[in-house]
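Hello,

Here is the structure I promised to pass on to you. Please have a look at it first, and then read on for what I found.

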Amino acid sequence: MYRFQLLIFFLPSIIFATTLEPDHHRSILTDNDWKKLWMVAGSTNYDSKSENTIDSSDSPQFEDTEMFAHNTTVQLGGTAFLVCKVSGIDRVGANWNQISWIRRRDWHILSSGVQMYTNDERFAILHTPGSNVWTLQIKFVQRRDHGMYECQVSTSSGVISHFVNLQVVVPEAFILGNGELHVDMGSTINLVCIIEKSPQPPQYVYWQKNDRMINYDDSRRDISIETSPGPRTQSRLIIREPQIGDSGNYTCSASNTEPASIYVFVSKGDNMAAISRRKTSSANCIVSCIGNLVCICIFAVIFVSRTFFRLALASR
């Protein structure tokens, strides 16, 4: 076929050459020229076949290193980056639009190339022109986002896939105790909140009483909050000399964390005993002070008596 096309291509030149020398009817193409023409046609046919043959070593491949792992863990409310890095796709002439992200939970095609096919604006494709990295970004991750995601590449030789498992971690808070705390008026409320399962320690821990935040209540000088961030973040709420009005539901929470609550009962049933203990302590203190004064007076009298006695002896 290629030889026939080449002959058709060179036919005008052959006719033109024969018209230049009508007497001899001899073409300007020599025998060697014809041989070269056939050789070119044969080599062209061979090259066209070789171009359609793809070496298996040139097939697209996914690069999976520590940076591009199969598992991705993100905290509830955070941002997830699912990375798909493909090498060798340029060598096979595949179209970048043939790279797609699919959510396996419902087989939803989220993207094809940089085009998104979801109304959820939390999803986006991060790609720099000229690079071979296609990252699926999910903002404000929710519980339902967990599961398997597939990066799929379509080529002339078939479809290859790279799977990423997204794990959503939800930190949990709990308050030491059994859900209720009974204290007396004039004593101290001491609540300790622990936050676990948090990839990153929370920046702030919030305390609420009946849905009202008390962290920044400047009107209460008897309230203090101490927070120690870490793998197990600890926050302590202290209320000194609580009153009946301090009874209520106390909640400890942090950003994107399951909160914990405890109900505090402040009663004056044992308050009189506490007051009595304070009065008894005060009375004991007074008795002790009086006893010390009596001892001092006795020692003073003895000292003065001895002094006068010595002076009397000296005057004789």
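In which sense do strand E4 and strand E9 pair, and over how many bridges? Strand E4, residues 99–103, runs antiparallel to strand E9, residues 147–155, and 5 bridges join the two. Within this pairing, Arg103 has Tyr149 of E9 standing opposite. Before going further, please keep in mind that this is a predicted model.

The two strands belong to an open sheet of 6 strands, whose order is E2-E10-E9-E4-E5-E6 and whose pairing is mixed. At the edges stand strand E2 (71–75) and strand E6 (115–116); each has a single partner strand, so one side of each has no neighbour in the sheet.

Now for the chain in general. Its secondary structure consists of 3 helices and 19 strands. Of the 316 residues, 29% are buried. If you take the contacts between residues at least 6 apart in sequence, 61% of them join residues at least 24 apart. The accessible surface adds up to about 20,800 Å², and carbon and sulfur atoms account for 56% of that.

Thr135 is a residue you may like to zoom in on. It is part of strand E8, which spans residues 133–138. Is Thr135 buried or exposed? Its relative accessible area is 8%, under the 20% limit, so Thr135 counts as buried. Leaving aside residues up to four places away in sequence, Thr135 touches Phe81, Leu82, Val83, Trp101, Ala124, Ile125 and Leu126. One of these, Trp101, lies within the residue range of strand E4.

Next, the aromatic rings. The structure contains 2 aromatic pairs. In the pair of Tyr263 and Phe265, the ring centres are 4.7 Å apart and the planes meet at 45 degrees, so this pair is tilted. Both residues are partly exposed: Tyr263 has a relative accessibility of 34%, and Phe265 has 32%.

Finally, there is a nonpolar patch on the surface. Which residues form it? They are Ile290, Val294, Ile298 and Ile302, and together they have about 330 Å² of accessible area. Ile298 sits in helix H3, which covers residues 271–315. With a relative accessibility of 45%, Ile298 is classed as partly exposed.

I hope this helps you find your way around. Do write back once you have had a look!

Best wishes

How values were computed:
Residues numbered from 1 in each chain as written. Predicted model: local features only at pLDDT ≥ 70, side-chain atom pairs only at ≥ 80, totals over all residues. Heavy atoms only, no water. Patch = residues over 30% accessible without salt bridge, like charges linked within 9 Å, V, L, I, M, F, W, Y side chains within 5 Å. Areas by Shrake-Rupley, 256 points an atom, 1.4 Å probe, with all protein chains shown as cover. Salt bridge = Lys/Arg side-chain N within 4 Å of Asp/Glu carboxyl O. Helix = DSSP H or I, 4+ residues; strand = E, 2+ residues; numbered from the N terminus. Buried < 20%, exposed > 50% of the residue type's maximum accessible area, 1.4 Å probe, protein only. Contact = heavy atoms within 4.5 Å. Phe/Tyr/Trp six-rings, centres within 6.5 Å; stacked < 30°, edge-to-face > 60°. Pairing = 2+ DSSP bridges.
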